[in-house]
Amino acid sequence: MIITTVILNVVLGITLFVIYRALPAQKSFKTWAIACFSFALANILVSLRGTIDQPLLTIVVADLLIISVPLLALHGMRQYRQQIDVPRTGMIVTMAISAILLLSAHATEYIAQTVTAVLCGVIYLFAANYLRHIRPTPRITRHLLMGLFGIHGLLMLLMASSALQQADPSKSLFTFLLMAHLIMTTMTTLLFPVLAFSHNERRLLKIAHLDELTELFNRRAFFEHGALLLAQNKQLEKPSCILMIDLDHFKSINDQFGHATGDACLRHVAEVIRKTMRERDVAARIGGEEFAIALSDVDRQQAEMISQRLVEHIAAHAFHFDGNDIELTVSLGGILSTRSRRALSDLLNDADAALYAAKASGRNQFKFA
Ligand SMILES: Nc1nc2c(ncn2[C@@H]2O[C@H](COP(=O)(O)OP(=O)(O)OP(=O)(O)O)[C@@H](O)[C@H]2O)c(=O)[nH]1
């Protein structure tokens, strides 16, 4: 069993390392690869317990390696979630405390085992809870990992209580739990490569549908999702509304404050739009400084109220960036789509004409066709 576990974990570690070489920005795969190698090495050291009399190596170092496995798994998940360099402080402090505990307990093997099992149990349960925050992960993978970490955590706590009663017949229970631990760790690491592919799939979806600067939909996605929303509302006999929003005198903002400030203004307007829309609405940046929103199930009065709120909110709050106060305003054009069968592109043309009228009337206002 131990030989199989060692071989499997070395193979998995190499696989994860290869994935990391292919996706170097994904440091989590390197961390998970190290976790696999740690687990393999820990197993080799544990198997030497009966052969060599080096408790510092076969108990303290081996158990520290075992504790490092869930810690590294957790650290990798944090790197995966945040996509930035994650501080290692928590991991280092936990390892230091574990080392102190194990150094004081290693003279009695079953106490060292209890300490290791309790620490691992707590870390696995913490990791199971942490997984709830990794939202974009495919749900099945996330739930499977949560289940594995949760069960693993409970198993380790059971193992701790079983280790404490080493003298009695529960030894067979301890062996069973040890086997379960080996299987669980290997199953968990088997799931990590799945995350690599789901991450890539997510990245491709993002590139295809989202505007990189604002993270709203891009033009293509707007036509796809907006048309769907119109069709659904038509079927349900609900009205929809198309809005077009354009920043006023944006060229002079770029000229006066620079392109980076211009980009920040676009992100700011996108954020205001995001806060204004409801879950079913579709918002996008469809051109350089042009945004479009498809509002679902609104009548003319509601659409005008939303438009007014948007225009007034942007004008009322000066935008601060890079030490400058930028007085930003937008113009907005809208068109209501009731039961007509007009295509989204037609509606967008009418909203554009209304936007042009708003610009011609002095900007910082909305007009409806
Ligand atoms: N910073 C930044 N500027 C952009 C982006 N896309 C387009 N622009 C700029 O947006 C400006 C649009 O200028 P115009 O079409 O003349 O319109 P305007 O100055 O906003 O004037 P009105 O629309 O008539 O109020 C141009 O200077 C473009 O370079 C972008 O992604 N980032």
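## Asking why: a predicted model and its ligand

Q: What makes residues count as being around the ligand, and which come nearest in this predicted model?
A: Of the 16 residues around the ligand, Asp-248, Phe-250, Lys-251, Gly-262 and Gly-288 come nearest. To count, a residue needs its C-beta atom, placed from the backbone, within 6 Å of the ligand. Strand S1 (240–247), helix H9 (250–257) and helix H10 (259–276) are the elements that give two or more residues to this shell.

Q: Which element gives the largest share of the shell?
A: That's H10, with 4 residues.

Q: How many residues of the shell around the ligand are nonpolar, polar and charged?
A: Sorted by class, you get 4 nonpolar, 5 polar and 7 charged residues. Asp and Lys count as charged, and Asp-248 and Lys-251 are among the residues that come nearest to the ligand.

Q: Why is H4 called roughly antiparallel to H5?
A: Start with the numbers: helix H4 (residues 89–105) and helix H5 (residues 109–130) pack at an angle of about 160°, with their axes 8 Å apart. Angles over 145 degrees count as roughly antiparallel, so H4 earns that label against H5. As for handedness, H4 passes H5 in a right-handed crossing.

Q: Which residues of H4 and H5 meet, and how many of them are nonpolar?
A: From H4 you have Ser-98, Leu-101, Leu-102 and Ala-105, and they meet Ile-111, Ala-112, Val-115 and Leu-119 in H5. By class, this contact has 7 nonpolar residues, 1 polar and no charged ones.

Q: What makes H5 roughly antiparallel to H6?
A: The axes of H5 and helix H6 (residues 139–164) come within 7 Å and cross at roughly 160°. Put that against the cut-off of 145 degrees: the angle is over it, so H5 is roughly antiparallel to H6. Here H5 passes H6 in a left-handed crossing.

Q: Which residues meet where H5 packs on H6?
A: Among them are Tyr-110, Ala-117, Gly-121 and Leu-125 in H5, and Met-146, Phe-149, Gly-153 and Leu-157 in H6. Sorted by class, the contact of H5 with H6 has 16 nonpolar, 6 polar and no charged residues.

Q: What is unusual about the phi of His-249?
A: Most residues other than glycine have a negative phi. His-249 isn't a glycine, yet its phi is positive, at about 45°. You'll find His-249 in the loop between S1 and H9.

Q: Why is His-249 called partly exposed?
A: Count the neighbours: 14 other C-beta atoms lie within 10 Å of His-249. Buried needs 20 or more and exposed needs 12 or fewer, so His-249 falls in between and is partly exposed.

Q: What about Asn-364: where does it lie, and what is its phi?
A: Asn-364 lies in the loop between helix H12 (344–360) and strand S7 (366–368). Its phi is near 50°, a positive value in a residue other than glycine. With 18 other C-beta atoms within 10 Å, Asn-364 is short of the 20 needed for buried but over the 12 allowed for exposed, so Asn-364 is partly exposed.

Q: How do you know whether Asp-85 is buried or exposed?
A: Asp-85, in the loop between helix H3 (55–82) and H4, has 8 other C-beta atoms within 10 Å. The limit for exposed is 12 or fewer, so Asp-85 is exposed. In space, Asp-85 and Ser-28 are 9.8 Å apart, C-alpha to C-alpha, although 57 residues apart in sequence.

Note on methods:
Residues are numbered from 1 along each chain as its sequence is written. This is a predicted model: local features need pLDDT of at least 70, side-chain atom pairs count only at pLDDT 80 or more; totals for chains, interfaces and linings use all residues. Axes are lines fitted to C-alpha atoms, for helices over the stretch in contact, and angles run from 0 to 180 degrees between N-to-C directions. Angles under 35 degrees count as roughly parallel, over 145 as roughly antiparallel, 65 to 115 as roughly perpendicular and the rest as oblique. A crossing is left-handed if the near helix is turned anticlockwise from the far one by less than a right angle, and right-handed if clockwise. Two residues are in contact if their C-beta atoms, placed from the backbone, lie within 7 Å.
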